[in-house]
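Here is a short briefing to read alongside the coordinates. Have the viewer open and follow the topics in whatever order suits you.

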Amino acid sequence: MTKADVNKLDNEQLSALLDGEQQLTDEAITNDDVTTFGRYAMIGDVMRAEANNSAFNFDIADAVADALEHEPVYADFANKTTAPKSEEIVAATGTDNVVAFNWRRPFAQVAIAASVAMFAIVGVQTLPQNSESPQSEIPLLQTTPLTGVASPVSYSSEQPALENAQQGLRELQQQRIGALVLEHQRQARVAYSLEKSQTAANADEEKN
Amino acid sequence: MKVFTFILSLVLIAPAFASDENPAKALLLDMAEAVHTRNFDASFVVVKGQAMEPYRWLHAKQGNVELEHLSLLNGAGLEMARVNDQVTYFEPHSEPYSVQTDSIAGPIPEVLFKDIERLSAQYDFVLGGKGRIAGRSAQLVRIESKDEYKFNYWIWLDLESSLLLKSAYVNHKGEMLEQLQLTHISVTEQPAQMLLEMQNRDFPPPLPVSEIDNESTGSAVNNWKIGWLPAGFKLLKSDRHKLDLNNELTDYYLYSDGFVEVSVFVQRPLPGKRPSGALSSGATTVYVHNGGSFDVSVVGNIPAMTAKAIAESVARPL
């Protein structure tokens, strides 16, 4: 029998003793290590949640409250109806821990990495043949679903897929694709004002 | 008698056909008006394959002021606020900015809130069946591309309020690629309090069109020859600029046919073996083409075949 096994055996006896499953004898007490005894006693007390036991006063409420106090505020839905104007938010940042990100302060910390990763490439496939079309074959870099420009994409769920990819593209290309999609979305927003101004310019030219 | 019945039916059917061309368009125009005049609070989801994006959409008309707010509820979020013809976009990790336009560029194609008449050259408007969507009776209107290079767009409209209840990008096999579905809508007499507060906020001043346009940055129109685009697409903008996320330099071209926008990027090639290929999510396609000494990427709500054809048509100017 190894030393470890002996110790384990001893401790089992001790534990049984404390739980009242074994007779208490002087011999047993003296034989046992005082600190081990103390530790086991504490475990037992905690498990039984004995009342009025000041030794186990784990009052962490203050500590949590304190931590919360110093936590920056990212979104304050409770105050949204009475939210201060934007200038006031800016003014408040000096004293408060409010992150004046924007008008309604979305969750800045989840942020942009998601939009870079939104087209996660998991492999290269070939579209099924379509005999009617002259360009019958198109390689399809398959993706995990796009969840919008700024939805969170969990890296942990993506990772196995990426590893499995037989022809996974380089991180660089992924980054680039993320950047392109974001840029496209942004540019599309000004499309209408551009079109309007072009139409207006054309109308002017026709007049002249 | 038979002949008479035949002639009678012809007489009866003819006017029905004559006016049949308009109801679909008329319904869409009603919808555009309703979206601009009603006070409503709606929630909808956009389903792209297996992914889903929930949005909240509020609109109010208070006197002469139109107020609209659209926000993406998942993830880091995206907020769009409109006061009359100024739209401000709030994105994570970048300064909010405003654009002078009278509709929000969200998941619903902007043109639907405007005059859809100009799409007539490239799209047909077809009345579909009736059904029940979001607990209301709905009429389907199909916007069908006249060629196979673009997707079709189907819209279900509320028969009562004329508001949009559901819409979908549909390919030519009739498969829905990306669906937008209202889960709740309440049309109210009074505008939502949140929108009224929006009136008193300071938004960044809109970017002048000249800054958006290529005048300040210089046109890139002669840098590359883009050989092919589906009929109806016009160049709206071209320039050379750096991309926000990875700081890469790109020659950029923005095209639109009034319904969908297509971006063409020409960039320095990436190192290593780069297969050409398409990525898609919902209706959005990204086609990356390895042009040898340059890379072409095409992004837009178009079929992969179209994106491929556009990308491969890009060449150095002679």
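What follows is a brief tour of the two chains, by topic.

This is a predicted model, in which local features need pLDDT of at least 70, side-chain atom pairs count only at pLDDT 80 or more, and totals for chains, interfaces and linings use all residues. Residues are numbered from 1 along each chain as its sequence is written, while chains are lettered from A and ligands numbered from 1 in the order in which they are written.

**Confidence**

- The predictor gives the complex an ipTM of 0.87 and a pTM of 0.67.
- Chain B has a mean pLDDT of 87, with 90% of its residues at 70 or more; pLDDT is the predictor's confidence in each residue, from 0 to 100.
- Among the elements of chain B, strand β9 (residues 152-158) has the highest mean pLDDT, 96, and helix α3 (residues 209-212) the lowest, 64.
- Please treat residues 14-20 of chain B with care: pLDDT stays under 50 there, and the model has zero contacts for them beyond four places in sequence. Two residues are in contact if their C-beta atoms, placed from the backbone, lie within 7 Å.

**Chain A**

- Chain A holds nine helices and two strands; helices (H or I, at least four residues) and strands (E, at least two) are DSSP runs, numbered from the N terminus.
- Along the sequence the pattern is α-α-α-α-α-α-β-β-α-α-α.
- Of the 208 residues in chain A, 23% are buried. A residue is buried if 20 or more other C-beta atoms lie within 10 Å of its own, exposed if 12 or fewer, and partly exposed in between, with C-beta atoms placed from the backbone.
- Among chain A contacts between residues at least 6 apart in sequence, 60% join residues at least 24 apart.
- Helix α8 (residues 171-189) of chain A is mostly covered, with 15 of its 19 residues buried. From first C-alpha to last, α8(A) reaches 28 Å, close to the 27 Å expected at 1.5 Å a residue; the expected span is 1.5 Å times one less than the number of residues.
- Helix α9 (residues 191-207) of chain A has 17 residues and end C-alpha atoms 24 Å apart, which agrees with the 24 Å it should span. Buried residues in α9(A) include A191(A), Y192(A), S193(A) and L194(A).

**Chain B and its open sheet**

- Chain B contains four helices and 19 strands, and 45% of its 318 residues count as buried.
- An open sheet of 11 strands runs in the order β6-β5-β4-β3-β2-β1-β11-β10-β9-β8-β7 (chain B), with antiparallel pairing. Two strands pair if DSSP finds at least two bridges between them.
- At the edges stand β6 (97-100) and β7 (123-133) of chain B, each with a single partner strand, so one side of each has no neighbour in the sheet.
- Strand β5 (residues 86-90) of chain B has four of its five residues buried, so it is largely enclosed by the rest of the structure.
- Five bridges pair β5(B) antiparallel with strand β4 (residues 78-83) of chain B, where A81(B) stands opposite T88(B). In their hairpin, which has two residues between the strands, N84(B) takes a positive phi near 50 degrees.
- On to β6(B), which β5(B) meets in an antiparallel run of four bridges; here T88(B) stands opposite S98(B). Six residues lie between these two strands in a hairpin, and H93(B) in the turn has a positive phi of about 65 degrees.
- At β7(B), nine bridges lead to the antiparallel strand β8 (residues 136-145) of chain B, and I133(B) has R136(B) as its bridge partner.

**A closer look at two residues**

- R142(B) sits in strand β8 of chain B and is partly exposed, with 17 other C-beta atoms within 10 Å. Beyond its neighbours within four places in sequence, R142(B) contacts V126(B), G128(B), N152(B) and W154(B).
- V264(B), V286(B) and V298(B) touch the most other members of the largest nonpolar core, which has 95 residues. Such a core is a set of buried Ala, Val, Leu, Ile, Met, Phe, Trp, Tyr and Cys residues joined through C-beta atoms within 7 Å.
- Leaving aside neighbours within four places in sequence, V264(B) is in contact with I226(B), Y253(B), V296(B), V298(B), I310(B) and V314(B).
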